[in-house]
Every structure is written in structure tokens, then in C-alpha cells.
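Trainee: I would like to test the labels on this model against their definitions. Can we start with the sheet?

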Amino acid sequence: GLMYSTNPDIEFNNDEESIETLEPQKQKLYVVIDKKQRNGKVVTLVQRFVGNEEDLKDLTKQIKSYCGVGGSCKDNEILIQGDCKDKIIKFLKSKNYGLVNKD
């Protein structure tokens, strides 16, 4: 990409590929419990979210609020502290998200 230009008429194209968020019913989310490499602490992961970072952050905030716990998100994955699998599945179903059983 262009780093610097002395041309005063240049137009920067900041149209980086923005990922379009799939509708909830078209998502195929996995909800799993994980305790590997976490010093024995259990977390619940919501994997395979397809969409932009802002929508992922919004969904993470809603899940954290619903479960009353902390968490974070990155790389199309939501990490929620503790074993909240059943609560998260219930929440996602109420919002019409597509789920895939990974057991």
C-alpha cells in the first residue's frame, strides 16, 4: 500500500476489505468448554463467528451481560469466563443464531 506521497491531489482508498456480518440465522456457531493452557480455569468459547470486529464486540458485550461474567473477543472467537455453555446456548437461540453441536 501507499505509505507517503507528495502529490496533493492523491486520493487514499481506505476501502480495506470489510467483512460483512452474516445474519444470526445464517451463522453456524460452536459453543465449547475449554480449560487447556489456562492454569486450570474453565472458559466457554463461542467459535466461528462470521462478521466484522464491531459486531463481534457487540455480541460479546451482550453475552457477558447476560451471563454476568467477564470475557473478551478476538479472531472471530468469543471467550467467556467460567462454564456458561448452557446459558450462552439459551441466549444465542433466543437471538435466532445458528448453532452447531461440537460434542
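Mentor: Yes. Two strands pair if DSSP finds at least two bridges between them. Keep in mind that this is a predicted model.

Trainee: What makes β2 and β4 a pair?

Mentor: Set the count against the cut-off. At least two bridges are needed. β2 and β4 have 4 bridges, in the antiparallel sense. Therefore they pair. One bridge partner of Val-43 is Gln-81 in β4.

Trainee: How do you know that β1 and β2 pair?

Mentor: By the bridge count again. Strand β1, residues 29–34, is joined to β2 over 5 bridges, antiparallel. The definition asks for at least two, so the pair qualifies. Here Asp-34 has Val-43 of β2 as its bridge partner.

Trainee: What joins β3 to β4?

Mentor: 4 bridges, and the strands run antiparallel. β3 covers residues 71–74. Cys-73 stands opposite Ile-78 in β4, and Gly-71 stands opposite Ile-80. The two strands form a hairpin with 2 residues between them. In that turn, Asp-75 has a positive phi of about 55°. Across the pair, the C-alpha atoms of Gly-71 and Gln-81 are separated by 5.5 Å, though the residues are 10 apart along the chain.

Trainee: Why are β3 and β5 called edge strands?

Mentor: Look at the order first. The 5 strands run β3-β4-β2-β1-β5 in an open sheet with mixed pairing. β3 and β5 (99–100) each have a single partner strand, so one side of each is left without a neighbour in the sheet.

Trainee: Which residues of β4 are buried, and which are not?

Mentor: The side chains alternate along residues 77–81. Ile-78 and Ile-80 point to one face and are buried. Glu-77, Leu-79 and Gln-81 point to the other face and are not.

Trainee: Why is Gln-81 called partly exposed?

Mentor: Its relative accessibility is 48%. Buried means under 20%, exposed over 50%, and partly exposed lies in between. So Gln-81 counts as partly exposed.

Trainee: How does Val-50 come out on that scale?

Mentor: Val-50 has a relative accessible area of 35%, so it is partly exposed as well. It lies in the loop between β2 (43–47) and α1 (53–67).

Trainee: What makes Val-50 part of a nonpolar patch?

Mentor: A patch residue needs over 30% relative accessible area and no salt bridge. At 35%, Val-50 passes the area cut-off, so that test is met. Nonpolar side chains are then joined within 5 Å. Ile-19, Leu-22 and Val-50 form the patch, with about 220 Å² of accessible area together.

Trainee: What about α1: how does its reach compare with the expected span?

Mentor: α1 has 15 residues and reaches 21 Å from first C-alpha to last. That is close to the 21 Å expected at 1.5 Å a residue.

Trainee: How do you know that the buried residues of α1 are on the same side?

Mentor: The buried residues are Leu-56, Leu-59, Thr-60, Ile-63 and Cys-67. They cover an arc of only 105° around the axis, which puts them on the same side of α1. An α-helix has 3.6 residues a turn, so residues three or four places apart point the same way. The face turned away from the buried side carries the exposed residues Glu-54, Lys-61 and Ser-65.

Trainee: And how much of the chain is buried?

Mentor: Buried residues make up 26% of the 103 residues. The chain has 2 helices and 5 strands, in the order β-β-α-β-β-α-β from the N terminus.

Notes: Residues numbered from 1 in each chain as written. Predicted model: local features only at pLDDT ≥ 70, side-chain atom pairs only at ≥ 80, totals over all residues. Heavy atoms only, no water. Patch = residues over 30% accessible without salt bridge, like charges linked within 9 Å, V, L, I, M, F, W, Y side chains within 5 Å. Areas by Shrake-Rupley, 256 points an atom, 1.4 Å probe, with all protein chains shown as cover. Salt bridge = Lys/Arg side-chain N within 4 Å of Asp/Glu carboxyl O. Buried < 20%, exposed > 50% of the residue type's maximum accessible area, 1.4 Å probe, protein only. Expected span 1.5 Å × (residues − 1). Arc of directions from axis to C-beta.
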